[in-house]
Amino acid sequence: MNAGARLDEVLHSVKVPAGLLEKPYLHPAYDEPEFVVRNLRRLWGGWYDQNPASLKPAPEAALPAELADVAGGPRVLADRAEQLLGRGEPRLATHLGETAALAAPADRQVARIRAEIFARRAGRETSTMARGIFNWAAAESAAVADGTDVATELTRSDEGRRRASGAISVGVVDDDGCGCGVPVDDSTQEGA
């Protein structure tokens, strides 16, 4: 940061030693190192990411529409995103899948691919924050693909209902078995 690196370079160059992340009190359960780096960058460097195109950007859907037009359409981008996901490049797949969906928000095939990308990303994440955002994005696109709504998609399966039950209140879902997310019954406490 002090050398003038853009946010992107800082995010992708800071690495936390694996031994630290293995400690139970530093395990990325809610937040994760990449998010902390982003917050520190914002705290000490402000909101500008040093990408001049980000300073006064076009409307969110305008760039994806233009990129889709140049690429040959939103489905071309979505198909490429699906290929990238299959090749083990989920971050790049996410960008293209999201770009395709922004260019064609009602296209069911594009939505199906976007839902698949985000569902796979969610399944690989350790932090509650990343899983929640990726699961929401997957449900959002599954709703477009299936003609339903987000709530239906979030709770369609037993697993989805379990995830959704902890989506609002951080610490309710106890995926790692640590006991730290188990709600306390105040009525059993002494003096209650």
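**Close-up 1. Polar contacts made by the side chain of D107 in a predicted model.** The side chain of D107 reaches the backbone nitrogen of Q109 at 2.9 Å, and the backbone nitrogen of V110 is likewise reached by the D107 side chain at 2.9 Å. A polar contact is a pair of N or O atoms within 3.5 Å, where, within protein, one must be able to donate a hydrogen and the other to accept it, and residues adjacent in sequence count only if both atoms are side-chain atoms. The model is predicted, with local features needing pLDDT of at least 70 and side-chain atom pairs counting only at pLDDT 80 or more, whereas totals for chains, interfaces and linings use all residues. Residues are numbered from 1 along each chain as its sequence is written, and side-chain values use heavy atoms, with hydrogens and water left out.

**Close-up 2. The surroundings of D107.** D107 lies in the loop between α7 (90–103) and α8 (108–124), helices being DSSP runs of H or I with at least four residues, numbered from the N terminus. With a relative accessible area of 19%, D107 is buried (under 20% relative accessible area, as against exposed at over 50%, with a 1.4 Å probe and protein chains only). Leaving aside neighbours within four places in sequence, D107 is in contact with R75 and V144 (heavy atoms within 4.5 Å).

**Close-up 3. The two sides of helix α3.** In α3, E34, V37 and R41 are buried. They cover an arc of only 55 degrees around the axis, which puts them on the same side of α3; the arc is that of the directions from the helix axis to the C-beta atoms. On the other side of α3, R42 and L43 are exposed, while the buried residues of α3 pack against α1 (7–13) and α7.

Key:
Helices (H or I, at least four residues) and strands (E, at least two) are DSSP runs, numbered from the N terminus.
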